[in-house]
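Me: Please take one part of this model and look at it closely for me, namely how a sheet is put together and what packs in the core. I would also like to hear about any unusual backbone angles in the loops.

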Amino acid sequence: MEFRNVNTFNLTFKYPVTWEKEKADTYNNPDCVATLSKGEENLLNVVMFPTRTNIEDYKLFMEDAISDDGGVILESDFVEIAGKHAIKTHANMDTPDINFDIHNYVFIENGNIYIFELRTVEASLEPVTEFKDMINTLVLK
């Protein structure tokens, strides 16, 4: 499979050429460093911003935020991926307009938080597998 690179700010990762790099929406989301899509059913947003929190406290905050938005948390664990400690979550969101899954990996390194969030309505596990493969290529500088 052929890959392209995202190389921006303090991070680098590879993504399959089957994904499209979109223009990052920094107007509505100034912390956005990358947006990728695969068809109309899969959207990956990557954000980065300074933080004073630690990974344990952020996990609790993130779980509360998902639940407060009506999401059902299916998985929320501490993992090691790409040689870094991270939070891995999977939740289902059911809104009046759409039902979708959210998959997150969150890293906190050197006073910055990096959030990788995949939103998918696709029933196939392929985008989720590709998402994990992308995260495995992550380098935080």
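Reply: A residue is called buried under 20% relative accessible area, exposed over 50%, and partly exposed in between, with a 1.4 Å probe and protein chains only. The model is predicted, so local features need pLDDT of at least 70 and side-chain atom pairs count only at pLDDT 80 or more, while totals for chains, interfaces and linings use all residues. Residues are numbered from 1 along each chain as its sequence is written, and side-chain values use heavy atoms, with hydrogens and water left out.

Helices (H or I, at least four residues) and strands (E, at least two) are DSSP runs numbered from the N terminus, and two strands pair if DSSP finds at least two bridges between them. On those terms, 3 strands form an open, antiparallel sheet in the order S1-S2-S10, whose edge strands, S1 (3-8) and S10 (139-140), each pair on one side only. S1 and S2 are joined over 6 bridges, with Asn-5 standing opposite Lys-14 in S2. Their hairpin has 2 residues between the strands, and in it Phe-9 takes a positive phi near 45 degrees. On the other pairing, S2 (residues 11-16) meets S10 over 2 bridges, again in the antiparallel sense, and Leu-11 has Leu-140 as its bridge partner in S10.

Leu-11 also leads into the packing, where a nonpolar core is a set of buried Ala, Val, Leu, Ile, Met, Phe, Trp, Tyr and Cys residues joined through side-chain atoms within 4.5 Å. The largest such core has 23 residues, and Leu-11, Phe-13, Leu-44, Val-46, Phe-107 and Phe-116 are those with the most contacts inside it. Two or more residues come to this core from each of S2, S4 (32-38), S5 (42-50), S8, S9 and helix H2 (126-136). Phe-116, leaving aside neighbours within four places in sequence, is in contact (heavy atoms within 4.5 Å) with residues including Phe-13, Leu-44, Val-46, Phe-107, Phe-131 and Ile-135. Apart from this core lies another, of 15 residues, among them Val-47, Ala-91, Met-93 and Val-106.

Two loops remain. Ala-82, between S6 (72-81) and S7 (84-94), has a phi near 55 degrees, a positive value in a residue other than glycine, and is partly exposed because its relative accessible area is 25%. Asn-110, between S8 (99-109) and S9 (112-120), likewise has a positive phi, near 50 degrees, and counts as exposed because its relative accessible area is 68%.
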